[in-house]
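Biologist: Could you walk me through this one? I'd like to hear the reasoning behind each label.

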Number of protein chains: 2
Amino acid sequence: MEKPSQPASLPLTRASIVVAHEAIKPVIHRTPIFSSSTLSASLPNKNTLYFKAENLQKGGAFKFRGASFSLSQLTQEELAKGVCTHSSGNHAGALALAARERGVKCYVVMPDNSATPKVDAVRAYGAEITFCAANAPARAATLAEVQARTGATFVPPYDAAHTILGQGTALLELLAQAPEPLAAVVAPVGGGGLLAGTALAAEGTGVRVFGAEPAGADDCARGLGEGRRREDVKAETIADGLRTPVGVLNFPIIQEKVERVIVVSDEEIVDAMRLIWERLKLVVEPSGATAFAAVRSKAFQELGVAGPVGVIISGGNIDLSQPLPWSR
Amino acid sequence: MEKPSQPASLPLTRASIVVAHEAIKPVIHRTPIFSSSTLSASLPNKNTLYFKAENLQKGGAFKFRGASFSLSQLTQEELAKGVCTHSSGNHAGALALAARERGVKCYVVMPDNSATPKVDAVRAYGAEITFCAANAPARAATLAEVQARTGATFVPPYDAAHTILGQGTALLELLAQAPEPLAAVVAPVGGGGLLAGTALAAEGTGVRVFGAEPAGADDCARGLGEGRRREDVKAETIADGLRTPVGVLNFPIIQEKVERVIVVSDEEIVDAMRLIWERLKLVVEPSGATAFAAVRSKAFQELGVAGPVGVIISGGNIDLSQPLPWSR
């Protein structure tokens with residue numbers, strides 16, 4: 001139903017990520033990196049941490065990278081008909097914003113129980129929203145309907161080559177920005193666009209790659225343990241950006257190139273989030289703090305990774321009209 | 001009582017701020033600048049805004065600049081005896097941190113009603129705290145006592161040449177970082193260290209300088225209207241960093257070089273603060289959002305400043321265990 005009408009894809013390699021980076025450099029923010037001696041000193045292994053602040057990316061999340069690269073690979077005819085996607089989260093906003101900046105029409109299918117601020121953001125970026133019932137078949141049917149009506153190209157949130165390659169560009173920047181070589185990098189995993197892209201971008205660099213996944217949505221870690229992708233996900237976690245099952249294209253890349261996916265509790269995520277707010281003065285969403293939660297975990301620290309660790313802060317879109325999670 | 005035992009001061013000129021910047025560059029963060037097309041588009045004059053994120057400075061506020069420069073100008077004998085100050089806010093933390101990084105002892109006099117997180121921060125930076133009653137005579141007497149006992153040099157929070165010169169370095173960086181020349185810059189005013197330093201740093205650049213002050217602590221704006229410094233301040237504002245009366249050394253600099261001090265309500269400050277959190281994804285304290293509140297105000301927009309405006313975000317130290325101000 002949701003057949004990606006994407007053009008022939010670039011190969012899933014580090015070289016393609018370099019190509020993607022050149023393509024999107026003029027439109028993305030080169031987000032800054034941050035360190036904190038206090039946070040590093042609090043870790044048993046005293047790893048110097050380099051936080052890549054993708055919460056400061058356009059649209060407030062790394063998703064703008066994949067959306068921008070996907071757009072850049074469409075033909076003029078395709079662009080003239082617009083792009084579409086389904087999402088209740090950061091990908092919808094990112095695609096809407098990237099499309100608006102290029103003067104391209106954007107159609108977004110959102111479940112009718114989506115949070116008001118997310119709907120408002122997508123609308124503010126000028127996308128046309130079609131609501132559907134909050135289940136997968138309704139979503140697929142509605143998207144197919146939108147595609148049939150408009151001829152718009154579907155830009156998938158994570159399970160597509162160009163999305164993965166675009167997301168991998170964050171690590172290219174981090175490696176160039178860090179003042180010393182990294183021993184490892186940790187990225188969160190939901191659908192796996194960011195983690196698979198990060199793993200591809202790390203190829204040949206000697207940087208060890210780890211994933212970070214909430215215990216309440218640990219389909220990727222379980223799938224790795226069982227040797228095959230799980231299609232189900234519990235989705236019982238505060239990290240709303242990570243509630244999706246890992247993608248078909250994403251899973252084998254992770255399986256091959258990621259050393260381990262560290263599973264963390266919601267409590268660990270909230271603790272990490274608060275530390276980032278307090279110490280780095282950055283507004284990050286729970287998903288955005290998950291990689292740091294993994295670095296702080298006993299499981300990661302017991303691996304004894306010595307040296308600097310890159311930590312990808314994936315996003316900062318949080319409903320600030322609600323009480324902060326540590327105050328609930 | 002609180003006689004500054006500072007060494008002979010550098011002259012209060014832009015050239016001295018350049019000297020100060022060279023002196024502190026190795027120890028401060030060169031904080032990033034941020035823009036937001038959405039925030040700019042929301043202004044009647046559509047000014048491109050360049051936010052200087054001093055909430056990302058060491059210690060979470062610009063105060064680290066002045067503290068670092070003050071320390072750098074002390075002799076080895078003075079450093080051996082340590083430094084001292086009184087403060088319930090960001091200056092105490094900044095001096096404690098700057099002193100610790102240089103291996104210098106630091107003594108801080110704090111009112112016994114200081115907020116726990118601020119006391120904890122100063123203690124975490126290794127300073128020795130002496131509590132006193134929450135009034136000016138008790139504070140002065142206690143500081144004199146500490147100085148008599150230790151021989152420590154008093155580093156004033158704002159009313160001292162080296163403090164002012166250090167704070168002015170933020171604008172030097174902002175001017176170098178902005179991709180185009182600024183038409184104006186806006187900085188908050190409490191004691192006036194940052195605003196006076198900013199005004200000195202702008203000398204000869206053609207950049208117009210404005211102050212931003214909360215209506216509940218508008219002694220500087222009133223003093224400018226009356227033609228002489230007011231010694232009293234109401235201090236009824238959420239912007240706790242701006243509750244101090246403007247300093248003796250600071251006021252005439254502001255009087256001579258600042259075009260106007262814009263007065264904003266607490267409501268305007270909270271609105272500006274929320275926009276910075278939501279759009280820039282930065283944790284800023286109310287004082288830190290006051291300059292942006294001024295830029296958004298009718299009073300400023302009616303001045304018709306055309307072109308890019310620099311906005312100094314002064315700090316990000318806020319008690320995150322409390323409800324956010326727009327939810328209270």
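Modeller: Sure, and keep in mind that this is a predicted model. Chain A and chain B touch through 21 residues from each chain.

Biologist: What makes a residue count as part of that contact?

Modeller: Contact means heavy atoms within 4.5 Å, and 21 residues of chain B and 21 of chain A take part.

Biologist: How much area is buried between chain B and chain A?

Modeller: About 1700 Å², with carbon and sulfur atoms giving 60% of that. On the chain B side, Lys281(B), Val283(B) and Leu320(B) supply 36% of the area buried against chain A, more than any other three residues.

Biologist: How many salt bridges does the rule find across the interface of chain B and chain A?

Modeller: Zero. To count, a side-chain nitrogen of Lys or Arg must lie within 4 Å of a carboxyl oxygen of Asp or Glu. There are eight residue pairs in polar contact between the chains, though. Helix 12 (residues 266–280) of chain B gives the most to its chain's side, with five residues.

Biologist: Now chain A itself: why are helix 1 and helix 8 of chain A called roughly perpendicular?

Modeller: Helix 1 (residues 14–24) and helix 8 (residues 161–177) of chain A pack at about 90°. Angles of 65 to 115 degrees count as roughly perpendicular, so these two helices of chain A earn the label. Their axes are 8 Å apart.

Biologist: Which residues meet there?

Modeller: From helix 1 of chain A, they include Ile17(A), His21(A) and Ile24(A); from helix 8 of chain A, Leu165(A), Thr169(A) and Leu172(A) are among them. By class, this contact has seven nonpolar, five polar and two charged residues.

Terms used:
Residues are numbered from 1 along each chain as its sequence is written. Chains are lettered from A and ligands numbered from 1 in the order in which they are written. This is a predicted model: local features need pLDDT of at least 70, side-chain atom pairs count only at pLDDT 80 or more; totals for chains, interfaces and linings use all residues. Side-chain values use heavy atoms; hydrogens and water are left out. Axes are lines fitted to C-alpha atoms, for helices over the stretch in contact, and angles run from 0 to 180 degrees between N-to-C directions. Helices (H or I, at least four residues) and strands (E, at least two) are DSSP runs, numbered from the N terminus. Angles under 35 degrees count as roughly parallel, over 145 as roughly antiparallel, 65 to 115 as roughly perpendicular and the rest as oblique. Ala, Val, Leu, Ile, Met, Phe, Trp, Tyr, Cys and Pro count as nonpolar, Asp, Glu, Lys and Arg as charged, and the others, Gly among them, as polar. Buried area is the accessible area (1.4 Å probe) that two parts lose on being put together, summed over both. A polar contact is a pair of N or O atoms within 3.5 Å; within protein, one must be able to donate a hydrogen and the other to accept it, and residues adjacent in sequence count only if both atoms are side-chain atoms.
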